[in-house]
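Subject: A structure for you to look at

Hi,

Here is the structure I promised to pass on to you. Please open it beside this email, and then read on for what turned up in it.

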Amino acid sequence: MRKLLKISIPLAILAIAVVSVCSIPSVSASVDPSDEAAGGSISWMLVSSTLVLLMVPGLILFYGGLLRKQSMSAMIAQSMSGAAVVGMLWIICGYSLAFGGDGAFGDFSRMFFEGAVDTASDGNISELEFAIYQMMFAIIAPCLFLGASAERMRFPAAILYMALWSLLVYAPMAHFEWDGGFQKIFGDWFTGLDLAGGIAIHLSAAMAGVVAVKFLGPRKEHIRKLPSHNIPMVFLGTGLLMVGWMGFNGGAYGNVGASALHVIINTVVAWMASTVTWMIIQYSLYGRVTTTGICTGLLAGLVAITPCAGYVSIQSAMFLGASGAAIGYLAIRFFHGMKKFDDALDVFALHGCVTIYGLIALGFLAEPTIVGEAAEGLLFGGTDLIASQLIMVAFTMIYSTIISFAILYVISKFIRVGVTSSEQDMGQDIVEHGEPAYH
């Protein structure tokens with residue numbers, strides 16, 4: 001009976017949210033994309049780039065606080081070192097692979113930002129500024145899957161995995177999503193929408209995390225059961241991620257006009273709705289609300305709204321946040337019941353399942369007053385968008401899984417990927433870095 005209750009409450013909240021969004025009249029205004037001011041846009045994009053970069057230490061604190069104390073230094077070392085390596089590769093050839101050429105895949109014509117001018121014209125930001133903003137996306141993406149393989153993957157293997165993945169998975173996915181690659185593959189009818197990297201960042205990284213989890217196997221049972229070692233650190237990391245997400249989503253249009261304002265409003269509404277929903281679920285089931293639960297629920301809303309923030313109404317954003325929290329909660333409960341699937345920090349449940357939900361929901365909820373009739377959601381009579389969203393999701397899951405496995409397989413032929421049983425007991429802080437986070 002209790003198990004049935006644990007499933008029924010989030011499902012009930014999801015059902016109520018569906019009924020609510022269908023019964024409330026739309027209050028969204030038409031977004032005019034031509035109202036940006038060049039000077040303000042340049043400033044806003046520099047701020048947005050900084051905010052996205054701020055998410056890296058935010059993610060480190062969030063992940064590290066959730067783990068045992070013997071893994072804190074290792075999480076810092078892997079994330080910061082990987083971010084530096086991926087950033088350099090982005091400048092050398094990653095940007096070119098993502099935004100070079102006009103075919104299905106990028107090319108090497110834009111290496112070292114070749115041809116990317118630093119002057120703005122016609123009211124737009126410069127291409128160099130765009131390349132820097134996109135670099136922050138490239139940096140944060142592989143850091144996400146470190147949470148799935150936490151406490152098992154050796155430092156050299158983690159850095160190699162992040163580096164190769166950024167070139168062979170992230171850059172092509174960015175090209176598919178933002179530079180016309182999907183249209184080249186599937187044709188001009190394809191109208192897939194994803195504002196800020198649900199496909200290239202969240203879902204691609206989640207699948208890379210799944211591959212790493214299956215490749216490395218689960219942690220020891222007693223390590224899996226250890227509680228989070230630093231709750232205030234989890235909260236601080238969540239706060240940095242929440243603030244950083246304003247630039248993550250808010251800078252996606254590349255301007256400071258009404259479109260950016262619409263995105264930020266929807267982003268804030270979504271995380272508020274998801275936090276409240278998670279609180280209701282936890283209190284209904286357990287009679288208390290945990291701090292880690294509040295932080296997790298908040299992030300579920302941010303993940304759910306990321307593909308959708310620029311294309312839906314405010315009430316739809318509220319629905320997506322609330323239902324995204326319910327989906328995330330159910331996914332975490334489900335995967336926690338799988339003993340052989342040890343996704344240490346619920347990367348696939350949050351960044352995979354919730355992103356999949358957000359992308360598909362967008363196929364229903366996209367507002368014609370915002371996206372135009374060519375890409376309107378199914379609730380407004382459009383059919384191409386939902387078909388495109390489903391194809392994007394399936395394509396991303398298959399592509400990222402296959403290439404991620406190939407990368408790890410090749411790495412394993414040259415170096416040892418995982419830590420040994422005794423090294424796992426001692427912790428990577430000491431074994432690999434000789435530097436405990438606490439004395």
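At roughly what angle do the axes of helix 11 and helix 13 cross? The answer is roughly 45 degrees, and the two axes come within 8 Å. Before you go further, please keep in mind that this is a predicted model.

**Helix 11 and helix 13**

To find this pair, look at residues 291-305 for helix 11 and residues 347-365 for helix 13. Angles from 35 to 65 degrees fall in the oblique range, so helix 11 and helix 13 are oblique to each other. Their crossing is right-handed. On the helix 11 side, the contact is made by T296, A300, V303 and A304. Helix 13 brings L350, H351, V354, T355 and G358 to that contact.

**Helix 12, beside that pair**

Helix 12 covers residues 314-336, and S323 lies in it. Is S323 buried or exposed? S323 has a relative accessible area of 0%, so it is buried. The side chain of S323 has a polar atom 2.6 Å from the backbone oxygen of F319. The backbone oxygen of L320 also lies 3.4 Å from a polar atom of the S323 side chain. As background, an α-helix has 3.6 residues a turn, so residues three or four places apart point the same way.

The next residue to click on is G324, which is in helix 12 too. G324 is buried, with a relative accessible area of 0%. Which residues does G324 touch, not counting those up to four places away in sequence? They are A300, A304, F319, V354 and Y357. You have met some of these names already: A300 and A304 of helix 11 and V354 of helix 13 take part in the contact between those two helices. There is also a pair to compare by C-alpha position: G324 and C353 are 29 residues apart in sequence and 9.1 Å apart in space.

**Helix 5**

Now turn to helix 5, which runs over residues 155-178. Where is helix 5 kinked? The kink is centred on S166 and amounts to about 45 degrees. Of the 24 residues of helix 5, 18 are buried, so the helix is largely enclosed by the rest of the structure. After helix 5 comes G180, with a positive phi near 85 degrees.

One residue of helix 5 to look at is L167. L167 has a relative accessible area of 18% and is buried; the cut-off for buried is under 20%. In sequence L167 and L89 are 78 residues apart, while their C-alpha atoms are 7.8 Å apart in space. Leaving aside neighbours within four places in sequence, L167 is in contact with L89, C93, G94, L97 and P172.

Helix 5 also packs with helix 15, residues 384-412, at an angle of about 150 degrees and with the axes 10 Å apart. Angles over 145 degrees count as roughly antiparallel, so helix 5 and helix 15 are roughly antiparallel to each other. Their crossing is right-handed. Among the helix 5 residues that meet helix 15 are A157, Y161, W165, L168 and P172. From helix 15, the residues that take part include F395, Y399, I403 and I411.

**Three residues in loops**

The loop between helix 4 (127-145) and helix 5 holds E151. E151 is not a glycine, yet its phi is positive, near 70 degrees. E151 has 4% relative accessibility, so it counts as buried.

Another loop, between helix 12 and helix 13, holds D346. What is the phi of D346? It is positive, about 60 degrees, although D346 is not a glycine. At 15% relative accessibility, D346 counts as buried.

Finally, find Y311 in the loop between helix 11 and helix 12. Y311 counts as buried at 12% relative accessibility. Y311 and S259 are 52 residues apart in sequence, and C-alpha to C-alpha they are 9.4 Å apart. Leaving aside neighbours within four places in sequence, the contacts of Y311 include L193, D194, L195, Y253, L362, E367 and V371.

Have fun exploring, and write back with any questions.

Best wishes

Technical notes. Residues are numbered from 1 along each chain as its sequence is written. This is a predicted model: local features need pLDDT of at least 70, side-chain atom pairs count only at pLDDT 80 or more; totals for chains, interfaces and linings use all residues. Side-chain values use heavy atoms; hydrogens and water are left out. The bend at a residue is the angle between axes fitted to the seven residues ending there and the seven starting there. Helices (H or I, at least four residues) and strands (E, at least two) are DSSP runs, numbered from the N terminus. Buried means under 20% relative accessible area, exposed over 50%, partly exposed in between (1.4 Å probe, protein chains only). A polar contact is a pair of N or O atoms within 3.5 Å; within protein, one must be able to donate a hydrogen and the other to accept it, and residues adjacent in sequence count only if both atoms are side-chain atoms. Axes are lines fitted to C-alpha atoms, for helices over the stretch in contact, and angles run from 0 to 180 degrees between N-to-C directions. Angles under 35 degrees count as roughly parallel, over 145 as roughly antiparallel, 65 to 115 as roughly perpendicular and the rest as oblique. A crossing is left-handed if the near helix is turned anticlockwise from the far one by less than a right angle, and right-handed if clockwise. Contact means heavy atoms within 4.5 Å.
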